[in-house]
Amino acid sequence: MRDRVLQMLQEKNEFISGQELCENLAVSRTAIWKSIHVLQEEGYHIEAVRNKGYRLISSPDVLFSNEIKSHLQTKWFGDKIIYLESVDSTNNEVKRRVETGELENLLVVSEEQIAGKGRRGRSWKSPRGTGIWMSFVIKPELEPESAPMITLVAAMACAKAIREITGLEASIKWPNDIVVNGKKVVGILTEMSTEMMYVNYVVVGVGINVNMEEFPEEIKEVATSLKIEAKSEISRSQLVAKFGEQFEKYYQEFLDKQNLSSIREEYEEYLINCNKEVAIQQGQDRWNGIALGINNNGELLVKKQDGEVQVIRAGEVSVRGLYGYV
Ligand code: BTN
């Protein structure tokens with residue numbers, strides 16, 4: 001009932017009478033009043049005026065499925081949204097559900113993660129109510145070796161969505177970190193299930209530092225949030241929806257070509273490492289070079305001091321700026 005009342009308020013966007021709500025939803029005035037009360041308790045600002053009815057003035061910054069859906073303009077992203085108060089890791093949750101048969105267009109969002117996972121076995125801080133911790137599943141028809149490019153597609157979509165929603169100049173640190181003013185705001189972790197010649201599914205996990213006001217000592221030199229940089233609160237549900245829209249677009253282009261040729265140019269415009277000196281750490285080996293851009297497979301091209309151009313695959317190396325994170 002709560003969901004249906006909210007949906008009507010969102011669709012109408014002006015006063016809607018108690019009578020109209022009752023008739024449309026075929027329930028009593030008391031039932032409507034109770035739902036309005038629940039919504040107000042959740043932080044929805046709903047004006048109630050005698051003889052006029054109810055009007056939605058503002059929504060809280062929550063990731064409820066219907067909040068995200070009210071902004072979504074997508075074909076498949078977010079068809080099925082699971083909202084959780086808390087979870088170990090949204091990537092794990094998607095994998096658990098997929099393994100029991102829930103495959104199609106599943107998106108899991110959580111207010112917090114208590115065992116958020118980063119790349120290379122690191123953990124990912126995911127405090128309650130301030131970030132976007134989300135994972136979704138796709139089932140691309142691809143050869144397994146092409147699947148890592150999906151991470152770059154997700155990075156491109158995320159940087160674009162952040163630019164559109166916040167106006168901040170979000171850039172990409174190859175392959176898939178998003179950086180604002182030299183500090184990291186987004187991390188992406190893709191995990192996949194493959195056969196020899198076949199991708200069963202890919203889970204794309206995206207963590208966006210949205211409205212945090214401070215960071216723990218150990219990461220505050222390298223991490224920031226959109227709120228800190230934009231100096232204003234950002235709507236998480238709008239950002240999720242915008243990401244979905246962008247992801248669908250770039251992902252389709254990628255599938256059509258089976259490589260990154262159609263997004264390469266735009267990706268390079270966003271690439272913070274482009275034409276900069278970077279330090280490449282390959283196991284014990286560390287060397288410096290100039291990052292030139294990416295090829296159609298999303299590999300980084302780095303010109304060594306002797307002029308030779310080395311092709312760097314994501315996952316094999318760590319790329320740093322000479323004087324710090326970027
Ligand atoms: C990185 O190390 O940069 C990747 C961080 C990925 C974090 C996101 S948050 C949502 C999803 N669930 C996880 O456990 N990790 C990813």
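**Exposure, backbone and a surface patch**

User: Why is asparagine 51 called exposed?

Analyst: Asparagine 51 has a relative accessible area of 81%, and exposed means over 50%, buried under 20% and partly exposed in between, with a 1.4 Å probe and protein chains only; asparagine 51 is therefore exposed. The model is predicted: local features need pLDDT of at least 70 and side-chain atom pairs pLDDT 80 or more, whereas totals for chains, interfaces and linings use all residues. Residues are numbered from 1 along each chain as its sequence is written, and side-chain values use heavy atoms, without hydrogens and water.

User: What makes the phi of asparagine 51 notable?

Analyst: Phi of asparagine 51 is near 70°, a positive value in a residue other than glycine. Most residues other than glycine have a negative phi. Asparagine 51 sits in the loop between strand S1 (45-49) and strand S2 (53-58); strands (E) are DSSP runs of at least two residues and helices (H or I) of at least four, numbered from the N terminus.

User: Why is arginine 286, in strand S11, called partly exposed?

Analyst: Its relative accessible area is 49%, so arginine 286 counts as partly exposed.

User: What makes Met196, Met197 and Tyr198 a nonpolar patch?

Analyst: Patch residues have over 30% relative accessible area and no salt bridge; nonpolar side chains (Val, Leu, Ile, Met, Phe, Trp, Tyr) are joined within 5 Å, like charges within 9 Å. A salt bridge places a side-chain nitrogen of Lys or Arg within 4 Å of a carboxyl oxygen of Asp or Glu. Together, Met196, Met197 and Tyr198 have about 440 Å² of accessible area, from the Shrake-Rupley method with a 1.4 Å probe, only the protein chains shown counting as cover for residues. Methionine 196, at 77% relative accessibility, is exposed.
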